[in-house]
Structures are given as structure tokens and as C-alpha cells.
Amino acid sequence: MKTIDTDIVREVMGKQGVKPSMLASKLNIKNNVLSERLGQKNISITKLNEMLDVLEHKMIVVPENYVVPENGFEIDKGE
């Protein structure tokens, strides 16, 4: 499982071949702002969702026993 940090975003970017400058452009933010976001270890749901949205991914809430698809991600509860 993953913590609520930018590892998920980085992994999706890697799978899609999206470079940070490309993501910054899609988000209409400067490269240094994206760099700061990607350096966060506990990012807000809003900012995470913004980045995932432009990468054509979304967050969902499912029952605890739900099996995550092979191409999906699970966020750690932080325990």
C-alpha cells in the first residue's frame, strides 16, 4: 500500500511517459511549483486529485475487502 504522497503520481507519470514539465504544463503551473508538490510526503487530497485528473486517473472509496485491480493503487492507512 502507498501513503498519501506523490509516489502514486510519480508511478503513474512513469507508466505514461509523462515528464514533470509536461505535467506542470497540463496543470498550468510553473515547474518549480510542481517540484514542490512532488516533494511533499503528505499531500492534500485536493492537490493529489488535481494531478491524477490530468493523468486521467481518479480516487475512489471502496469497501475494505475490495480487491484492487492490477493497474490500480491502494493508499496506506498510515498505521
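Biologist: How much space lies in the largest pocket?
Modeller: The model is a predicted one. Among the residues that line the largest pocket, those closest to its centre are Ile60, Val62, Phe73, Glu74 and Ile75. The space in this pocket comes to about 750 Å³.

Biologist: How many residues of the lining of the largest pocket are nonpolar?
Modeller: The lining of the largest pocket consists of 21 residues. Two of them are polar and five are charged. The number of nonpolar residues is 14.

Biologist: Which pattern does the protein chain follow along the sequence?
Modeller: The protein chain contains four helices and zero strands. Read along the sequence, the pattern is therefore written with helix symbols alone under the DSSP assignment of helices and strands: α-α-α-α.

Biologist: What share of the residues of the protein chain count as buried?
Modeller: The protein chain has 79 residues. A residue counts as buried when its relative accessible area is under 20%. The share that counts as buried is 23%.

Biologist: Is Val9 buried or exposed?
Modeller: Val9 is found in helix H1, which covers residues 7-16. Leaving aside residues up to four places away in sequence, Val9 touches Leu23, Leu38, Leu48, Met51, Leu52 and Leu55. Its relative accessibility is 0%, and the limit for this class is under 20%, so Val9 counts as buried.

Biologist: What distance separates the C-alpha atoms of Val9 and Leu55?
Modeller: Val9 and Leu55 are 46 residues apart along the chain. Leu55 is nevertheless one of the residues that Val9 touches. Their C-alpha atoms are separated by 8.4 Å.

Biologist: Is H2 roughly parallel or roughly perpendicular to H4?
Modeller: Helix H2 (residues 20-27) and helix H4 (residues 45-54) pack with their axes 10 Å apart, at an angle of about 105°. Angles of 65 to 115 degrees form one class, and therefore H2 is, with respect to H4, roughly perpendicular.

Biologist: Which residues in H4 meet H2?
Modeller: By class, this contact of H2 with H4 has four nonpolar, no polar and two charged residues. From H2, the participants are Leu23, Lys26 and Leu27. In H4, they meet Glu50, Met51 and Val54.

Biologist: What angle do H2 and helix H3 form where they pack?
Modeller: Helix H3 covers residues 31-38, and its axis lies 9 Å from that of H2. In H2, Pro20, Ser21, Leu23, Ala24 and Leu27 meet Asn31, Leu34 and Arg37 in H3. The contact has five nonpolar, two polar and one charged residues. The angle is about 105°.

Biologist: Where does Asn28 lie, and is it buried or exposed?
Modeller: Asn28 has a positive phi of about 60° although it is not a glycine. Asn28 lies in the loop between H2 and H3. Its relative accessibility is 72%, and the limit for the class is over 50%, so Asn28 counts as exposed.

Biologist: What is the relative accessible area of Glu56?
Modeller: Glu56 has its place in the segment after H4. Its phi is positive, near 60°, in a residue other than glycine. Glu56 is exposed, and its relative accessible area is 73%.

Biologist: What distance separates the C-alpha atoms of Asn71 and Val12?
Modeller: Asn71 is in the segment after H4, and with a relative accessible area of 59% it is exposed. Asn71 and Val12 are 59 residues apart along the chain. The separation of their C-alpha atoms is 9.6 Å.

Notes: Residues numbered from 1 in each chain as written. Predicted model: local features only at pLDDT ≥ 70, side-chain atom pairs only at ≥ 80, totals over all residues. Heavy atoms only, no water. 1 Å grid on protein atoms, 1.4 Å probe; cavity = no way out; pocket = protein on both sides within 12 Å on 5 of 7 lines; lining within 4 Å. Points joined across faces, edges and corners; volume = space filled by probe spheres on them. Nonpolar A, V, L, I, M, F, W, Y, C, P; charged D, E, K, R; others polar. Axes fitted to C-alpha atoms, helices over the stretch in contact; angles between N-to-C directions. Helix = DSSP H or I, 4+ residues; strand = E, 2+ residues; numbered from the N terminus. Parallel < 35°, antiparallel > 145°, perpendicular 65-115°, else oblique. Contact = heavy atoms within 4.5 Å. Buried < 20%, exposed > 50% of the residue type's maximum accessible area, 1.4 Å probe, protein only.
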